[in-house]
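Here are some worked exercises to go through with the structure open on your screen. Try each task before you read its solution.

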Amino acid sequence: MQHFKPELRIPGPTPLPPRVLQRMAEPMINHRGQAFKEKFPEIMKRLGPLFGTENPIYMITGSGTAGMETAVSNLVSPQTPVLCLVGGFFGQRWADLCRAYRADLHVLEFPWGTGADPQKVEDYLSGHPEIEIIFLVHNESSTAVLNNLKEISQARGRHRALLAVDAISSLGGTPVDMDTWGLDVVIGASQKCLMTPPGTVFISISQRARSYLEKSSSSRYYFDLKKYEQFLEKGEAPFTPNVNNVFALECALDLIEAEGLPNVFARHLLLRDMFRAGVKAVGLELLVADRDASPTVTGVKLSNADQFRARIKELYGVEFAGGQGPQAGRTFRVGHMGYATPLDVLTALAVIEMDLEKAGQATKAAETVMIGRKP
Ligand SMILES: Cc1ncc(COP(=O)(O)O)c(C=O)c1O
């Protein structure tokens, strides 16, 4: 019924601000020319506060998984002992990648829908001094869980293991303090909180992780980080980059800096709390407890979730994501990251309450949260 103004409420790719879209439409420029070289390193540097790092940030043209594979192919050699913390679909992807690179794979599983327990990580590491690299997803988009990165990093104690983090659906929406928290690899992607289209991924590595680039024996070419390092020094990327995404990012960073990063993070928390309050108000069950709740995506239990999603898409043009893994068909997920405002949360809640014939109840609860936050 309603198709000409779609409302995309999935956990990425996200809607884009009109200014970013306009910037994408500008004429192509030479990726080896002066104009690009002047801009590119500066734009990468401006990602520094989002990563919480002084280390260089490299851009790879590819999707989020390309960033994950870059981390694995540069750090993991055959038989490197690694520990993957798995509590969802993307944690499993870390394990799949490590297996593909023939690591000595250890997996610590957590129930889907709960955060990784730092105490269990500490216990596992104390029994396994050989582990060299831990792989973790910060914001597990498949279950809508935000893992406590700082505590998991601290759980290493004196253990020497590096910590590699998929921050693909958290970077730019919630704090990531790479240097202060002692993270060794952080990966972010364009299509989530960064308000830019899919197609670019960003990776930063610590000095300790840098030493692995010399010794890792896994084959790699497109993902060889040393190439990205050498070319960034000249202001370039080693292979033809997604030029339009670079300029989209420049524009998105203007917006983020104008709002102020603390305000961006506070907005994401507000959207999360409004949405969760609304869902509870209509009697639906949230997938994740408050303690582990993601600020960028929320999962909701519903027995006929896929029919519901098809209905609201047809009636209102609103698109929610389905559940993944064991939750497929029994949950839906709603993205509230990047270019998202309280109005977007109210729209998402409005279709839920209308479908449940509880008009006004969810939006009222969300409004109460919003009023409570006003300065
Ligand atoms: C947390 C997380 N990790 C990894 C990925 C994979 O990214 P991509 O599909 O861009 O390869 C996603 C994508 O949704 C994600 O949300």
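**Exercise 1. Size up the domain interface.** In this predicted model, work out how much area is buried between domain 1 and domain 2, and what share carbon and sulfur atoms give.

*Solution.*
- Start with the yardstick: the size of an interface is often given as the accessible area lost when the parts come together.
- For domain 1 and domain 2, the buried area comes to about 2,100 Å². Carbon and sulfur atoms give 62% of that.
- Next, see who pays on the domain 1 side. Leu 261, Phe 265 and Gln 324 lose the most area to domain 2, and together they make up 24% of what that side buries.

**Exercise 2. Set out the two domains.** Find which residues belong to each domain and how many angstroms separate the domain centres.

*Solution.*
- The domain assignment puts 7-14 + 261-373 in domain 1, while domain 2 covers 18-257.
- Taken over C-alpha atoms, the centres of domain 1 and domain 2 are 27 Å apart.
- As for the contact itself, domain 1 brings 26 residues to it and domain 2 brings 27 residues.

**Exercise 3. Look for polar links across the interface.** Count the salt bridges between domain 1 and domain 2, then the residue pairs in polar contact. After that, describe the domain 1 side by element and by class.

*Solution.*
- Salt bridges across the interface of domain 1 and domain 2: zero.
- Polar contacts are another story: ten residue pairs turn up across this interface, both residues at pLDDT 80 or more.
- Now the elements. Helix H12 (261-281) and strand E12 (297-301) each supply at least two residues of the domain 1 side that touches domain 2. H12 gives the largest share, four residues.
- By class, the domain 1 side that touches domain 2 splits into 13 nonpolar, eleven polar and two charged residues.

**Exercise 4. Take a salt bridge apart.** Find the partner of Arg 208 in a salt bridge, and decide whether Arg 208 is buried, partly exposed or exposed.

*Solution.*
- The count of salt bridges comes to 27, so you have plenty to pick from if you want extra practice.- Arg 208 pairs with Asp 184, and their closest N and O atoms are 3.9 Å apart. The cut-off is 4 Å.
- The pair links distant parts of the chain, 24 residues apart. Arg 208 sits in helix H9 (residues 207-215), and Asp 184 in the loop between helix H8 (178-181) and strand E9 (185-189).
- Arg 208 has 30% relative accessibility, so it counts as partly exposed. Asp 184 has 4%, so it counts as buried.

**Exercise 5. Try two more salt bridges.** Which residues form salt bridges with Arg 272 and Arg 311?

*Solution.*
- For Arg 272 the partner is Asp 273, with the closest N and O atoms 2.8 Å apart. Arg 272 counts as buried because its relative accessibility is 16%.
- For Arg 311 the partner is Asp 355, and here the closest N and O atoms are 2.8 Å apart.
- Asp 355 lies in helix H14 (residues 342-355) and Arg 311 in helix H13 (residues 305-316), so this pair ties together parts that are 44 residues apart in sequence.
- At 22% relative accessibility Asp 355 counts as partly exposed, and Arg 311 counts as partly exposed at 34%.
- Salt bridges can also share partners: Arg 23, Glu 26, Lys 39 and Glu 250 are joined into one network that way.

**Exercise 6. Check the backbone.** Where is Pro 13 found, and what is phi for Ala 144 and for Glu 357?

*Solution.*
- Pro 13 is in the loop between strand E1 (7-9) and helix H1 (18-24). A cis peptide bond joins Gly 12 and Pro 13, with omega about 0°.
- Ala 144 is not a glycine, yet its phi is positive, about 70°. Ala 144 lies in the loop between strand E6 (139-140) and strand E7 (145-146), and at 2% relative accessibility it counts as buried.
- Glu 357 also has a positive phi, near 55°. Glu 357 lies in the loop between H14 and H15, and at 76% relative accessibility it counts as exposed.

Note on methods. Residues numbered from 1 in each chain as written. Predicted model: local features only at pLDDT ≥ 70, side-chain atom pairs only at ≥ 80, totals over all residues. Heavy atoms only, no water. Domains from an automatic or database assignment. Contact = heavy atoms within 4.5 Å. Buried area = accessible area lost by both parts, 1.4 Å probe. Salt bridge = Lys/Arg side-chain N within 4 Å of Asp/Glu carboxyl O. Polar contact = N/O pair within 3.5 Å; in protein donor to acceptor, adjacent residues only side chain to side chain. Nonpolar A, V, L, I, M, F, W, Y, C, P; charged D, E, K, R; others polar. Buried < 20%, exposed > 50% of the residue type's maximum accessible area, 1.4 Å probe, protein only.
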